[in-house]
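Me: Before we rely on any label attached to this model, I would like each one justified by its value and its cut-off. Could we go through them in turn?

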Amino acid sequence: MKRCLILIIAVLTIAVHAVPVKLTHKLLKGGAKAYSCELLTGNVNYKLAFKITEKGEHKFISGIGLLAGKQRYSKRGWASGFSGFFKLTAKGTDLTKIPVTFATDENGIVFDFKTVKVIFKARDNDDKLGMNIVFAKAPQNGTIQFICYPGNFLRNEPKKRGRITYTAKRSIPSIDNKQNVNLDTDEYWLYYMDEKFDPGEKGPYFSTCALVFNPKEVKSVSLQPGTYAIKTDVNLSPKVRNYSFVLWEFPGRKSKNCLKSMQKLSINFK
């Protein structure tokens, strides 16, 4: 039987018990602050890592890294560093250059850039993370790029990497050049793994990852199937203000089992 996922943020925020949210920070050399926001689901916990630099009265964010785990966090899967696992632009403006405020609430955290909010939510005892991007006005030329390193980095060992991306209808092996692969609207989920490096055999410090987008909210989607980083480019529909995404990391889990789980996923978009 297929699992059904309704891709609206309400599903990810409604829970019998609130998810504990833990926000901490430490001072870095030069005066910037490194923040960690943990969403403790009790199943797969998620941690958002970001750096804040203050210029006068304003705060600027470096980007937002994403980690996941149970007893310890993986640094593989979605990009975990301060440069961020996604890059969001609107009207050609990089949001890392816009002042930001942020605050935790029940089940998550909200980053407010005035003209757009980026919201992360989790559910009690769940294994996924909800992400909403809410614009004050429907964006023109809005884009978001997701960045991941499934399995392990192995930056200087290309022969040990075997990146591959699965969608709802095909598999896309990674290639050395920067050629983009256009995705169809029914390829709304993507699972990123490495055929030569299985986290299920290596331990919870390593992870594969997955993404779901709502085809009704996007103009087009393409994949940059690199042999090191895999990038997914989403052009946002100019007719929508609220965009929903669902993210997974699978720390320490066998890649084939995770792929089977994604293939059984039945999604009802509303």
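**Labels and their cut-offs**

Reply: Let us begin with N141, which lies in the loop between β13 and β14 (143-149), where helices (H or I, at least four residues) and strands (E, at least two) are DSSP runs numbered from the N terminus. This is a predicted model, in which local features need pLDDT of at least 70 and side-chain atom pairs count only at pLDDT 80 or more, while totals for chains, interfaces and linings use all residues. Residues are numbered from 1 along each chain as its sequence is written, and side-chain values use heavy atoms, with hydrogens and water left out.

Me: What makes N141 count as exposed?

Reply: Its relative accessible area is 64%, and exposed means over 50%, buried under 20% and partly exposed in between (1.4 Å probe, protein chains only), so the label follows from the value. The backbone of N141 also has a phi near 60°, a positive value in a residue other than glycine.

Me: Why is K114 called exposed?

Reply: The relative accessible area of K114 is 76%, which meets the criterion for exposed. K114 sits in the loop between β11 (108-112) and β12, and has a positive phi of about 70° although it is not a glycine.

Me: How confident is the predictor, on the mean pLDDT of the protein?

Reply: The mean is 90, with 93% of the residues reaching 70 or more, on a scale of confidence in each residue that runs from 0 to 100. Over residues 6-16, however, pLDDT stays under 50, and for this stretch the model has 33 contacts beyond four places in sequence, a contact being heavy atoms within 4.5 Å.

Me: Why does D127 have no salt bridge?

Reply: A salt bridge is a side-chain nitrogen of Lys or Arg within 4 Å of a carboxyl oxygen of Asp or Glu, whereas K128, the nearest side chain of opposite charge to the buried D127, is 4.2 Å away; the pair therefore fails the 4 Å limit. Charge here takes Lys and Arg as positive and Asp and Glu as negative, with His and the chain ends not counted. D127 is found in the loop between β12 (116-122) and β13 (128-135), and beyond its neighbours within four places in sequence it is in contact with N43, V44, Y46, W248, E249 and R253.

Me: How do you know that E187 and R170 form a salt bridge?

Reply: Their side chains meet at 2.6 Å, N to O, which falls within the limit. The pair links distant parts of the chain, with E187 in the loop between β17 and β18 and R170 in the loop between β15 and β16, 17 residues apart. E187, at 0% relative accessibility, counts as buried, while R170, at 31%, is partly exposed. Elsewhere, R123, D126 and K128 are joined into one network by salt bridges that share partners. A search of the whole structure finds nine salt bridges.

Me: What makes D186 and K169 a salt bridge?

Reply: Their closest N and O atoms are 3.7 Å apart, and this distance satisfies the criterion. D186, with a relative accessible area of 38%, and K169, with 47%, are each partly exposed by the same cut-offs.

Me: How do you know that the buried residues of helix α3 are on the same side?

Reply: The buried residues of α3 (residues 255-263) are S255, C258, L259, S261 and M262. They cover an arc of only 155° around the axis, which puts them on the same side of the helix; the arc is that of the directions from the helix axis to the C-beta atoms.

Me: Why is I147 called buried?

Reply: I147 has 6% relative accessibility, which is below the cut-off for buried. I147 belongs to strand β14, and its C-alpha atom is separated by 8.3 Å from that of K87, although the two are 60 residues apart along the chain. Leaving aside neighbours within four places in sequence, the contacts of I147 include W78, F85, K87 and I230.
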